[in-house]
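Subject: Structure handover

Hello,

Here is the structure I said I would pass on. Please open it next to this message, and read the notes below as you look.

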Amino acid sequence: MSKIIIDTEVYENYFLFRAKKLSEEKWVNIEVHNQGAAVPLTDDQKKKLTRLMGGSTTISFNGNNYDLYIIAAALSGYSCAKLKHLSDELINSNAPGWVVARDNNVSLPHNWDHIDLFEVTPGRSSLKIYGGRLGWRRLQELPLDPTSIIKFEQLEMMRDYCGNDIRVTEQLYFAVEPAIKLREEMGARRGGIDLRSKSDAQIAETVIKRELTLLTGKSYKPQEIEVGTTLPYRDPGIVSFKSRPLEVMYAKILRGGFPVGTNGAVQLPKWLRDTKIAIGGSTYQMGIGGLHSCEKSRTIRPGPDQFLADFDVASYYPSIILKLKLSPGGMGDGFLRVYQQIVTDRLKAKAQGDKLTADTLKIVVNGSFGKLGSKWSALYAPQLMIQTTITGQLCLLMLIERIEAIGCRVVSANTDGVVALGDKKRENELNDVLFDWMLDTSFELERSDYRSLHSRDVNNYIAVKPDGEVKRKGVYATGGLAKNPDFKIVADAVALYLSTGTPMERTIRECMDITSFVHLRTVQGGAVWRDDFQGKAIRFYYSTEVGADEQISYAKNSNKVPRSDGARPLQDIPAEFPDDVDYDRYVKLAHEALEDMGAAS
């Protein structure tokens with residue numbers, strides 16, 4: 001079937017369905033205006049819309065919670081006014097779309113083949129924000145208030161707005177198409193289940209539940225754990241320390257427990273949350289998600305007789321689950337058999353160069369962990385989560401203690417790995433420590449060497465590898481769909497300077513891509529600049545023609561939108577590079593970033 005991108009607009013006296021064939025300039029409009037309580041669609045319109053929906057693979061953003069129900073209601077004879085009432089319920093209700101639709105006697109035809117991009121894209125942001133992340137040329141807010149009565153002369157404006165959203169959705173589809181294809185392949189291999197509109201975590205739950213049901217013949221529902229229940233941490237049999245403070249802390253963890261909060265998530269006990277763990281010259285803190293070191297504003301460049309290396313644990317949490325034979329309540333050995341087979345098949349595919357299989361199974365392996373803390377999931381298992389994450393952190397502390405004991409320094413640690421600095425003459429001794437730790441725990445370490453490490457803090461850093469390749473994390477990361485643009489040119493200039501010595505000012509002044517100079521953010525209630533409403537997704541850059549005392553403001557209270565002083569909105573990307581870019585300000589930001597990492601030039 002052909003693929004078409006769809007979107008709808010609904011007002012008290014107006015209904016618009018627009019569709020565009022993927023990769024082609026073929027458009028369809030089905031539109032009703034000024035019919036009030038009358039049936040919105042003519043028989044011909046119904047036939048056309050029915051044929052489109054049943055004869056194509058439709059693609060939307062959040063269509064499973066909104067557009068599909070609006071279209072189904074329109075086909076069932078809803079008036080514009082009644083469609084608007086349903087639309088308001090779908091948007092404003094806290095209930096899932098299917099619940100609202102059920103309460104309004106709206107059901108979806110079984111022959112509709114639909115892909116919803118909402119769960120596939122990372123971060124659960126708005127379509128406008130994803131458009132900004134993709135560098136889309138126009139960030140356009142809904143041009144008319146949702147309570148408006150649409151006039152005839154406003155119809156073209158509504159079509160244009162809807163068309164822009166469709167083009168953004170099309171670009172978003174192209175961006176996530178590899179993920180869609182992986183989902184199609186995975187679903188085909190598992191009996192034809194439809195995984196195309198599911199997040200990684202939803203896929204993991206669906207696949208594991210299905211495999212378990214095939215294995216045991218049972219169905220699985222979320223286990224119920226009472227709020228306030230204290231879950232014990234059980235000795236995994238692989239943790240041991242040599243220093244007295246670590247032994248005392250470990251004993252206290254074994255004696256105490258981890259309470260279950262009102263949302264079903266496990267909480268760290270206050271004493272452990274407040275505990276700073278000192279080993280050697282570094283300080284560490286435990287959390288529900290993982291261990292992290294507490295360094296700030298630090299640059300490390302090893303001397304000619306030193307090494308600086310990152311040691312990551314391969315597939316850390318899955319390895320812990322299998323090593324300790326952990327399974328969600330009620331699933332027992334069946335879960336372990338299914339999970340082990342998935343992990344084994346993935347490693348085999350990876351070794352054989354079967355990237356497609358390896359990547360599809362990676363979704364299940366990694367995605368499943370995200371469901372352990374969700375009380376709505378059949379994989380909900382807070383006890384398993386505690387056993388996994390706390391064991392992982394304790395084992396890393398064991399490794400840190402042993403590395404420090406031979407005279408090397410651990411300069412950073414985060415969730416599944418550590419970065420160590422030491423004399424090259426100690427590398428054989430270090431290798432013995434690493435090997436013994438892997439024997440004691442059954443986990444596998446992977447090494448990456450660095451030429452330098454520049455950290456604002458443990459989650460935001462730039463690491464330069466010996467060949468000049470750069471690893472960027474947090475605010476310095478390159479972006480993509482998961483991260484809003486944040487004056488990317490600054491991080492680019494800093495990374496290039498640290499890896500090659502290229503002057504930051506040259507990088508900034510020679511860049512002719514205006515999207516590298518913008519900052520994107522969501523503004524609740526919308527933003528205003530020079531009395532003009534800009535929308536809820538605001539994109540701006542620093543301009544020499546805007547006064548330092550000027551700012552972009554919140555529409556609801558006139559407060560300054562953070563970092564917007566001296567900024568000009570850029571909702572539409574111009575054909576030519578603007579001639580008012582404030583290069584000096586970006587150069588200043590780059591030098592400040594260096595200072596934040598303790599690497600001031």
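Which residues lie nearest the centre of the second largest pocket? Before the reply, please keep in mind that this is a predicted model.

The second largest pocket

The residues nearest the centre of this pocket are Val313, Ala314, Ser315, Tyr316 and Arg346. They belong to a lining of 24 residues, and the space inside is about 870 Å³. Sorted by class, the lining has 11 nonpolar, five polar and eight charged residues. Strand 12, helix 10, helix 11 and helix 12 each supply at least two residues of it. Helix 10 gives the most, with six residues.

Helix 10

Why is helix 10 described as largely enclosed by the rest of the structure? Helix 10 covers residues 316-323, and six of its eight residues are buried, so the rest of the structure largely encloses it. Buried here means under 20% relative accessible area. The six are Tyr316, Tyr317, Pro318, Ile320, Ile321 and Leu322. Tyr316 is thus on two lists: it is buried in helix 10, and it is among the residues nearest the centre of the second largest pocket.

The buried residues of helix 10 pack against one strand and several helices: strand 12 (306-313), helix 11 (332-351), helix 12 (355-370), helix 13 (382-405) and helix 14 (427-441). Just after helix 10 comes Lys325, which takes a positive phi of about 55°.

The cavity

The count of cavities of 30 Å³ or more comes to one. The largest cavity has a volume of about 40 Å³. Its lining is made by Ile321, Phe335, Tyr339, Ser368, Phe369, Leu372 and Leu379. Of these residues, six are nonpolar, one is polar and none is charged. Helix 11 and helix 12 each supply at least two of them. Ile321, a buried residue of helix 10, is also part of this lining.

Helix 1 and helix 2

Elsewhere in the chain, helix 1 (residues 43-55) and helix 2 (residues 67-75) have axes that come within 10 Å and cross at roughly 145°. The crossing is left-handed. On the side of helix 1, the contact is made by Lys46, Leu49, Thr50 and Met53. Helix 2 contributes Leu68, Ile71, Ala74 and Leu75. By class, the residues of this contact are six nonpolar, one polar and one charged.

Regards

Note on methods. Residues are numbered from 1 along each chain as its sequence is written. This is a predicted model: local features need pLDDT of at least 70, side-chain atom pairs count only at pLDDT 80 or more; totals for chains, interfaces and linings use all residues. Side-chain values use heavy atoms; hydrogens and water are left out. Buried means under 20% relative accessible area, exposed over 50%, partly exposed in between (1.4 Å probe, protein chains only). Helices (H or I, at least four residues) and strands (E, at least two) are DSSP runs, numbered from the N terminus. Contact means heavy atoms within 4.5 Å. Axes are lines fitted to C-alpha atoms, for helices over the stretch in contact, and angles run from 0 to 180 degrees between N-to-C directions. A crossing is left-handed if the near helix is turned anticlockwise from the far one by less than a right angle, and right-handed if clockwise. Ala, Val, Leu, Ile, Met, Phe, Trp, Tyr, Cys and Pro count as nonpolar, Asp, Glu, Lys and Arg as charged, and the others, Gly among them, as polar. On a 1 Å grid over the protein atoms alone, a cavity is a set of points where a 1.4 Å probe fits but cannot get out, and a pocket is an open set with protein on both sides within 12 Å along at least five of seven lines; lining residues have an atom within 4 Å of a point. Grid points are joined across faces, edges and corners, and a volume is the space filled by probe spheres set on the points.
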